[in-house]
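Here is a short briefing to read alongside the model. It goes topic by topic, so feel free to keep the viewer open as you read.

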Amino acid sequence: MRPAEFPAEAIIEAGQALQAAGRNVTGFALRQKVGGGNPTRLKQVWDDHLAKVQPVVELPVEIADALAQVTKSLTEQLATLGAGLYARVDEDAQRKIAVAQRAAAIEVDAATDEADSFKAERDDALAEVEALKAKLAESQAQAQTQAVELAQLRERLSASGTELTHAREELSQARDQAAEAREEAARLRGQVEAIEGQRAELVKVLAERPGEMGAGKGTK
């Protein structure tokens, strides 16, 4: 047979040390105290020691019956108390669960409302984005049209500039021709005035010599 790893004396001393320290004597406490061993065997050795040290005393029948009745009554009272405590604990737990469920339902409703609000805001934002995209596309189309019109206007302005240059040249030529015409008119007026002067002088001379003119006619 395999010898015990720890002698009974060491186990009993360990149990007594635990009792002196006010600790419960358990297999694991004994194992920790002696430094090893099987907790079940250690506890069995300690229990055997207690059985030897404290022999069982048989009680009288009357006392044993009374003790049995008290034990039964205490057991029933404990059972009733336990059932009442369980009922109160269960009722309190159910009440807390109901409160928690109501609070959770309120939070769920609030979260749902908030989610719906966020969805509505998201939908509004998406609609606004689409509207802005449409406006941007329209603006780009208008800008393209205006660019074409601007190019056409530049072409027309360029053509108008050429025409304006030609018109200015023609105007300059017309001015030169007008100046020449004025000079010619002035020259002609001078000639007309000279002729008119000569004619007036001739008329005057003729007016001063009417007899001469008549005598000349008779002699002839």
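## Salt bridges, a buried helix face and a nonpolar patch

The side chains of D92 and R95 come together in a salt bridge, with 2.2 Å from N to O. Please keep in mind that this is a predicted model. A search of the whole structure turns up six salt bridges, and three of them are described below, followed by helix α3 and a nonpolar patch on the surface.

**Salt bridge of D92 and R95**

- D92 and R95 are three residues apart in helix α4, so about one helical turn separates them.
- D92 counts as partly exposed because its relative accessibility is 23%, and R95 is also partly exposed, at 45%.
- This pair belongs to a wider arrangement: a network of salt bridges links D92, R95 and K96.

**Salt bridge of R199 and E196**

- Another salt bridge joins the side chains of R199 and E196, at 3.0 Å from N to O.
- These two residues also sit in helix α4, and their spacing of three residues means that about one helical turn lies between R199 and E196.
- R199 is partly exposed, with 49% relative accessibility, while E196 is partly exposed with a relative accessible area of 38%.

**Salt bridge of K43 and D47**

- In helix α3, K43 pairs with D47 in a salt bridge whose closest N and O atoms are 2.7 Å apart.
- K43 and D47 are four residues apart in α3, so they are separated by about one helical turn.
- K43 has a relative accessible area of 26%, which makes it partly exposed.
- D47 is partly exposed as well, at 31% relative accessibility.

**Helix α3 and its two faces**

- Helix α3 covers residues 39–53, 15 residues in total. From its first C-alpha to its last it reaches 21 Å, close to the 21 Å expected at 1.5 Å a residue.
- Which residues of α3 are buried? They are P39, L42, V45, W46 and H49.
- Looking down the axis of α3, these buried residues fall within an arc of 130°, so they line one face of the helix.
- The face turned away from that buried side carries the exposed residues T40 and K52.
- The cover over the buried residues of α3 includes α1 (8–20) and α2 (27–34).

**A closer look at H49**

- H49 is one of the residues of helix α3.
- Is H49 buried or exposed? With a relative accessible area of 18%, H49 falls under the 20% cut-off and is therefore buried.
- Setting aside neighbours within four places in sequence, H49 is in contact with I12 and Q16.

**A nonpolar patch on the surface**

- V70, L74, L78, L81 and L85 make a nonpolar surface patch of about 450 Å².
- One of these residues, L81, is found in helix α4, which runs over residues 61–208.
- L81 has a relative accessible area of 45%, so it counts as partly exposed.

Definitions and conventions. Residues numbered from 1 in each chain as written. Predicted model: local features only at pLDDT ≥ 70, side-chain atom pairs only at ≥ 80, totals over all residues. Heavy atoms only, no water. Patch = residues over 30% accessible without salt bridge, like charges linked within 9 Å, V, L, I, M, F, W, Y side chains within 5 Å. Areas by Shrake-Rupley, 256 points an atom, 1.4 Å probe, with all protein chains shown as cover. Salt bridge = Lys/Arg side-chain N within 4 Å of Asp/Glu carboxyl O. Buried < 20%, exposed > 50% of the residue type's maximum accessible area, 1.4 Å probe, protein only. Expected span 1.5 Å × (residues − 1). Arc of directions from axis to C-beta. Contact = heavy atoms within 4.5 Å.
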